[in-house]
Amino acid sequence: ITKEDIWDILHFSHYSKLAYVEIDPNRNFDLLLSRSAKNDLFHSPFMISFDHDWKAIVIAIRGTNSAVDVLVDLKIDLAPLETGTPFMAHSGMLETARNIVRKLLDENFLETYRSDEYKNYRIVVCGHSLGAGVAALVGYYLRKKHASVRVYAYEAPGGLLNESGASLFDDFCVTVVCGDDLVPRLSRYCMDLLKADLIRILKNCQEPKYKIIHSVIGNLFKVSEKTKAIIGKDPEAAKRNMEKIQKETSSLPQSWRGEQTAQHVSQATPTFMPGRILYLEKLREFDRSERDDQAKEPSKQRKGNQSLNKLKEQIQENIEKIQLKKDFKYVYVPRWTDRKEFHQIIVSRTMLTDHVPWSILQEFEDAPSGVYLRTTS
């Protein structure tokens, strides 16, 4: 995949990030058409802006950023997208999406903005995390009146839709998943599988459980070397202990997780992210030389970011608060994949930090033209 293949995904990620910025409601902006700052139960803040370069009206919905947002996240029971249909969605995000759609339709926002010279502008809905799940559902309902709607969902929750419901989004929605991010894999179904994994592995591992727990915590928070508490300090003893642990545990997923696993382990309905999935896969083994050489080529930026850059300039004082540093330990490579790939929670050091993909997407955007994308982070 080159950056030319995913220009739109890279471009509209900036709006999902800007949705977190606090904007002075008393200031007037040329491109920012409207902003709802209301953050109550089932009411997420969102902004509407013009992007003249891409001929789009962009609706960007904020993700989890308050205690009340967490309550919406936790309302995980499924509810029907439409009465009498088998298409089910996360009830908390569904109610939030319906409130946004109701506000847009009742106040005639989109019809007003698409009048006259902007009537051919398409509608783009985007968001991150909670905002990604809500954005997908908002896009679903808006398409009933506006067929041009496209959705870009960054790190959407894995508990958003049942399988039949998720298939409805393939034609107009793209979800981006970064590395080992927990949120796209987090659902009641996946938690049941993780619980079964842990119980079986702990039963088969002969090491004291306190050592294993200490090692996992140490690795997650980088306070000890990998598996230091288990393998000990003596190099030879460490090697023998590690080989023993690997022998006892490495084959477990293949040996016991068969076709009957889902039926025996979890009674929960499997749930999925919406649309097509662009996976920014984290590589633990890689050759830096190829990507580093490519990075020396001059970058040819695509024209068409004037509206976005102007909006950023107007709210520049608050943007720095959401900039994040890169983790240079891994390389990330984008590929298209199936949503069913994310039914296994990966416990790793980056399972939380991977939830914020902005630096990786920015590096893709800055990459040389025509080069297959790989980060140096």
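The lining of the second largest cavity has four nonpolar, three polar and one charged residues by class, where Ala, Val, Leu, Ile, Met, Phe, Trp, Tyr, Cys and Pro count as nonpolar, Asp, Glu, Lys and Arg as charged, and the others, Gly among them, as polar. The residues around this second largest cavity are G158, P184, T271, F272, M273, R339, F342 and H343. Its volume is about 40 Å³. A cavity here is a set of points, on a 1 Å grid over the protein atoms alone, where a 1.4 Å probe fits but cannot get out, and lining residues have an atom within 4 Å of a point. Grid points are joined across faces, edges and corners, and the volume is the space filled by probe spheres set on the points. The idea is a familiar one: rolling a probe the size of a water molecule over the atoms shows where empty space is left.

Before we go further, please keep in mind that this is a predicted model, in which local features need pLDDT of at least 70 and side-chain atom pairs count only at pLDDT 80 or more, while totals for chains, interfaces and linings use all residues. Residues are numbered from 1 along each chain as its sequence is written, and side-chain values use heavy atoms, with hydrogens and water left out.

How many cavities of 30 Å³ or more does a search of the whole structure find? The search finds two. The largest cavity holds about 50 Å³ of space, and you can locate it by selecting S13, H14, K17, W358, L361, Q362 and E365. Two elements, α1 (7-18) and α16 (358-366), each give two or more residues to this lining; helices are DSSP runs of H or I with at least four residues, strands are runs of E with at least two, and both are numbered from the N terminus. The most comes from α16, with four residues. By class, the lining of the largest cavity divides into two nonpolar, three polar and two charged residues.

Next, an open space. The second largest pocket has a volume of about 670 Å³; a pocket is an open set of points with protein on both sides within 12 Å along at least five of seven lines. Its lining counts 30 residues, and D73, I76, H90, P157 and L186 lie nearest its centre. The elements that supply two or more residues to this pocket lining are α2 (67-74) and α7 (188-204). In this lining, 17 residues are nonpolar, nine polar and four charged.

Now for the framework. The protein has 16 helices and twelve strands. Eight strands form an open sheet with mixed pairing, in the order β1-β2-β3-β6-β7-β9-β11-β12; two strands pair if DSSP finds at least two bridges between them. β1 (32-36) and β12 (331-337) stand at the edges with a single partner strand each, so one side of each is left without a neighbour in the sheet. From one strand to the next, the twist averages 15°.

At the β1 edge, four bridges join β1 to β2 (residues 46-51), and the two run antiparallel. One pair to look at there is L32 with its bridge partner S49 in β2. Elsewhere in the sheet, β6 and β7 run parallel and are joined by five bridges, with V124 having R150 in β7 as its bridge partner.

Helices pack across this sheet. α1 lies across β2, β3 (56-61), β6 (122-128), β7 (150-154), β9 (173-178), β11 (276-283) and β12, at about 70° to β7. α3 (residues 91-106) lies across β1, β2 and β3, at about 55° to β2. Axes are lines fitted to C-alpha atoms, for helices over the stretch in contact, and angles run from 0 to 180 degrees between N-to-C directions; contact means heavy atoms within 4.5 Å.

What about burial in β7? Four of its five residues are buried, meaning under 20% relative accessible area, with exposed over 50% and partly exposed in between (1.4 Å probe, protein chains only). Across the 377 residues of the protein, buried residues make up 51%.

Two loop residues complete the tour. K55, in the loop between β2 and β3, has phi near 50°, a positive value in a residue other than glycine. E155, in the loop between β7 and β8 (161-162), has phi near 60°, also positive in a residue other than glycine. Which is their setting, buried or exposed? K55 counts as exposed because its relative accessibility is 51%, whereas E155 is buried, with a relative accessible area of 0%.
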